[in-house]
Number of protein chains: 2
Amino acid sequence: MFILLVRGGAQFIERQDPTVYASQGKEAPIPEQQITHYAEKGFMLLEGVFSESEVLAFQQELERLRGSTATVAPGETITEPESGDVRSIFRIHESSPIFKALAADKRLADLARYILNDEVYIHQSRLNYKPGFRGKEFYWHSDFETWHVEDGMPRMRALSMSITLTENFEYNGPLMLIPGSHLQYAACEGETPDNHYEASLKKQEYGVPSDTQLEDMVNKGGIVSAKCKPGSVIIFDCNTMHGSNGNISPEPRSNVFFVYNAVSNQVASPFCEQPPRPEYICSREHIKPLP
Amino acid sequence: MFILLVRGGAQFIERQDPTVYASQGKEAPIPEQQITHYAEKGFMLLEGVFSESEVLAFQQELERLRGSTATVAPGETITEPESGDVRSIFRIHESSPIFKALAADKRLADLARYILNDEVYIHQSRLNYKPGFRGKEFYWHSDFETWHVEDGMPRMRALSMSITLTENFEYNGPLMLIPGSHLQYAACEGETPDNHYEASLKKQEYGVPSDTQLEDMVNKGGIVSAKCKPGSVIIFDCNTMHGSNGNISPEPRSNVFFVYNAVSNQVASPFCEQPPRPEYICSREHIKPLP
């Protein structure tokens, strides 16, 4: 049942798993053409999912959490390498009642259950602040590469949802995706260093694709910047290559981020020779299917 | 005749000089509405100025110079802080016959003479490679701030032209401009440190506007990303606030960059208490009006 892909040389391996697991004939909770786009491109953008008042409540909760980071467990708050500004807060689906409810919201969870054709749980959650002026880039990566190698996630049966809390302009470091990149697994060079997760949350250096792999993927599929208003949802497959440029504009790019994993796909022991990453980065002990 | 603006506190000062100096009734070398746009916004984008074959010749010259940087005078080549990749080569209007001819090309020089209403010379020139994957951001700045304080440029009677050699996409760190920002001078905090130019060519830290100044300018004018095909020309006033995000995409963003200054506006002694910057950054001894 495991794919067993480890690091050691940059190469492409054809995807073995479906992208959309939904059984034939089952009615999708969103228009079928969006599901088809997702299956072909590896992502979709749903605009206007949440109302202005809902977004306002999420923003207020974000500000509340930012102001109370001292009370969050150590390590769960990630700061910018240079400025020390808060970049991300993890495990918000457990620490915040509002975001716990959002993770289980039918508009999100029903779609995750449809695509993955299983009960789902939150593998990882976080708030990303992406502050203005000094927001740093996040280099290209496929999440599955890390989740497989470092967390022991068996198969490509997980997806991410990013709920936008501010407008994503072309100039404030929007999420960039490479269409079609999810159909190949880009195995990465190198061993996994000790405590890789600590450094990688600030800056990716290992477990990233080679220049040649990226050129190949972009030549085939191009790059799409997910520009959208607050209250939109960007959904992408666990193997879709994505990243974001830095942000020197004054406009922050905040979002709430949930990873939905199929209950049948819960993590095993890591495939690299390292201890498991902490629970706040990868749910392992506390796996609860969403209601 | 000098403005005498020094650093020491973030504040706005109303512009005292015209943006377009052309005398009334003089016929513009481009449509009048573009000149009006330039006067109001502080920049303009002219697409398709150079043909594909011309751009190809510029690109070949760029590759030749990149391969022969050992022969360029020390200091004239700037590398990326981390990767060591070539970022810029200065003084190309003297070291390269092709770019010397380009600086004097009537399509560029006539427009500079029209806007500045004077004979013009090249205050500074450079090739920017902006390589893919690891291209770093260039923080917001008004060129005039530096040229005035560090080079002793008396008045706002200079402009920049960036000739694009690759496509400027929304995602490969295109030039970003703040419309209308040229109408105020954003005086910057702080003293000018010793040998500031050496560090500032890699990364701007001094002589940059405050967060509050930037928010104010963006609230008024927004941000425009200069997306365009190769062979376009982006022209902007010496006091227009601009910058660019980093570039993790595989697509480099190369351009040729000329600063045209009015002969009547040639530099005096620097207004900060520092020796003049080197000749390859600021023409001081070798001032030749373009033919």
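Start with the interface: show chain A and chain B together and look at where they meet. In this predicted model, about 2,300 Å² is buried between chain B and chain A, and carbon and sulfur atoms give 52% of that area. Now pick out B:Phe133, B:Glu170 and B:Ile248. Those residues supply 28% of the area that chain B buries against chain A, more than any other three residues.

Next, select every residue in the contact. You should get 28 residues from chain B and 28 residues from chain A. Why do the copies meet through the same surface? Because 100% of the interface residues of chain B are also interface residues in chain A.

Zoom out for a moment and superpose the chains. A rotation of 180 degrees, with 0.0 Å of shift along its axis, puts chain B on chain A at an RMSD of 0.0 Å. That is how a two-fold axis relates things.

Back to the interface, this time for its charged pairs. How many salt bridges are there between chain B and chain A? The count is six. For one to look at, display the side chains of B:Glu170 and A:Lys227: they form a salt bridge with 2.7 Å from N to O. B:Glu170 should already be highlighted, as one of the three residues named for buried area.

Widen the search to polar contacts. Across the interface of chain B and chain A, 14 residue pairs are in polar contact, counting pairs with both residues at pLDDT 80 or more.

Now switch to cartoon and colour chain B by element. On the side of chain B that touches chain A, β6 (138–141), α8 (211–221) and β12 (242–244) each supply at least two residues. Which of the elements gives the most to that side? Select α8(B), which gives the most, with four residues. Colour that whole side of chain B by residue class and you'll find eleven nonpolar, seven polar and ten charged residues.

For the last stop, stay in chain B and go to B:Ser264, in the segment after β13 (255–262). Leaving out residues up to four places away in sequence, B:Ser264 touches B:Asp118 and B:Arg157. Show the side chains of B:Ser264 and B:Asp118, and you'll see a polar contact of 2.6 Å joining them. Then add B:Asn117: its C-alpha atom and that of B:Ser264 are separated by 10.0 Å, with the two residues 147 apart along the chain.

Key: Residues are numbered from 1 along each chain as its sequence is written. Chains are lettered from A and ligands numbered from 1 in the order in which they are written. This is a predicted model: local features need pLDDT of at least 70, side-chain atom pairs count only at pLDDT 80 or more; totals for chains, interfaces and linings use all residues. Side-chain values use heavy atoms; hydrogens and water are left out. Copies are superposed by least squares on the C-alpha atoms of residues with pLDDT of at least 70 in both. Contact means heavy atoms within 4.5 Å. Buried area is the accessible area (1.4 Å probe) that two parts lose on being put together, summed over both. A salt bridge is a side-chain nitrogen of Lys or Arg within 4 Å of a carboxyl oxygen of Asp or Glu. A polar contact is a pair of N or O atoms within 3.5 Å; within protein, one must be able to donate a hydrogen and the other to accept it, and residues adjacent in sequence count only if both atoms are side-chain atoms. Ala, Val, Leu, Ile, Met, Phe, Trp, Tyr, Cys and Pro count as nonpolar, Asp, Glu, Lys and Arg as charged, and the others, Gly among them, as polar.
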